[in-house]
Amino acid sequence: MRNLQTVGNQLLVTYDNRVLWGGRPLRFDSPALAGKPTFYISAYNDGALRLGYARRTGSGNQAVLTAGLVECRWTPPGRDVTDCQAVEMPPGGAASMNHLLFGLHALPQGPVVGFGLEGDLLNWAGGQWQALRTPQPGESWQVYATAEVDDQVLMGHYPSGGVLSMAADGAAGVRIETV
């Protein structure tokens, strides 16, 4: 999986456990990253870099897979990423491994939203996830693509082909509506 975002006129790329900015790796030095997690998605805004991760411990039938989000301080054009805090996702339900594999998106001065393969739509605020939408049994509902346009994020929805718009909404956090 690859994740691309423009930050300060350079491309931030996350893939195969690499986090590159302008084609060069960022430097991480944090106890929160112990155990060598695999980063697969990222979102940056307002001085914070957020990285979705997966970590596998054990092997064979004893293997355990956990997922979470690491939030760090980073200010371009520097390459050092500091003050990382990891938040592990609870097993099962909203914000679990199955529900956060698809993506993150951050508005420059606004919310960070995660969306998953099972239909989750989550807002990252105050160091925790808030459910904006939870999966419904027997329903296919997924965000398949995002694009940032005029201070909002447009999200392509599958299977309807519809488009949702997400924007910051002051104290309410996030406003989502069908376009």
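A disulfide, for today's purposes, is a pair of cysteine sulfur atoms within 2.5 Å. Keep that in mind, everyone, while we look at this model, which is a predicted one.

So, how many disulfides does the structure hold? One. The partners are cysteine 72 and cysteine 84, and their sulfur atoms sit 2.2 Å apart, so the pair falls within the 2.5 Å cut-off. For those of you who like dihedrals, the value about the S-S bond is 110°, and the link of cysteine 72 and cysteine 84 is right-handed. Cysteine 72 belongs to strand E8 and cysteine 84 to strand E9, with twelve residues separating them, and the pair is a link between distant parts of the chain. Are these two cysteines buried or exposed? Cysteine 72 and cysteine 84 are both buried.

Let's stay around E8 and E9 and turn to the aromatic rings. Searching the whole structure gives three aromatic pairs. I'll show you two of them. In one, tryptophan 21 meets tryptophan 74 edge-to-face, with 5.5 Å from centre to centre and 85° between the planes. Tryptophan 21 is in strand E3, residues 18–21, while tryptophan 74 is in the loop between E8 and E9, so this pair ties together parts that are 53 residues apart in sequence. Both of these tryptophans, 21 and 74, are buried.

Which residue joins tryptophan 74 in another edge-to-face pair? That is tyrosine 44, at 5.0 Å centre to centre and with 70° between the planes. Here too the pair links distant parts of the chain: tyrosine 44 is in strand E6, residues 38–45, and lies 30 residues apart from tryptophan 74 in its loop between E8 and E9. Tyrosine 44 is buried, as is tryptophan 74. Put the rings together and you have one aromatic cluster, made of Trp21, Tyr44 and Trp74.

Now for charges. In general, side chains of opposite charge can pair when their charged atoms come close. How many salt bridges does the structure hold? Two.

Let me take arginine 27 and aspartate 80 to begin with. Their side chains meet in a salt bridge at 2.6 Å, N to O. Arginine 27 is in strand E5, residues 27–28, and aspartate 80 is in strand E9, residues 80–88; the two are 53 residues apart, and the pair links distant parts of the chain. Why does arginine 27 count as partly exposed? Because its relative accessibility is 45%. Aspartate 80 also counts as partly exposed, because its relative accessibility is 45%.

The other salt bridge brings together the side chains of glutamate 71 and arginine 50, at 2.9 Å, N to O. Glutamate 71 sits in strand E8, residues 64–73, and arginine 50 in strand E7, residues 48–57, so to speak a link across distant parts of the chain, with the partners 21 residues apart. Glutamate 71 has 23% relative accessibility and therefore counts as partly exposed. Arginine 50, on the other hand, has a relative accessible area of 8%, so arginine 50 is buried.

Let's move along the chain to a sheet. It is an open sheet of four strands, ordered E10-E11-E12-E13, and the pairing is antiparallel. Which strands are the edge strands? They are E10, 103–106, and E13, 128–133, each of which pairs on one side only. On average, and ignoring direction, neighbouring strands of this sheet are turned by 30° against each other.

Let me zoom in on E12 and E13. Strand E12 covers residues 121–125, and five bridges join E12 to E13, the two running antiparallel. Across from alanine 125 you'll find glutamine 128 in E13. E12 and E13 form a hairpin with two residues between them, and in the turn glycine 126 has a positive phi of about 60°.

One more glycine before I stop. Glycine 114 has its place in strand E11, residues 112–115. Why does glycine 114 count as buried? Because its relative accessibility is 0%. Its C-alpha is 9.8 Å from that of valine 143, and the two residues are 29 residues apart in sequence.

To recap: one disulfide, two salt bridges, an aromatic cluster of Trp21, Tyr44 and Trp74, and an open sheet of four strands. Thanks for listening, everyone!

Note on methods: Residues are numbered from 1 along each chain as its sequence is written. This is a predicted model: local features need pLDDT of at least 70, side-chain atom pairs count only at pLDDT 80 or more; totals for chains, interfaces and linings use all residues. Side-chain values use heavy atoms; hydrogens and water are left out. A salt bridge is a side-chain nitrogen of Lys or Arg within 4 Å of a carboxyl oxygen of Asp or Glu. Buried means under 20% relative accessible area, exposed over 50%, partly exposed in between (1.4 Å probe, protein chains only). Two strands pair if DSSP finds at least two bridges between them. Axes are lines fitted to C-alpha atoms, for helices over the stretch in contact, and angles run from 0 to 180 degrees between N-to-C directions. Rings of Phe, Tyr and Trp (its six-membered ring) pair if their centres lie within 6.5 Å; planes under 30 degrees apart count as stacked, over 60 as edge-to-face and the rest as tilted.
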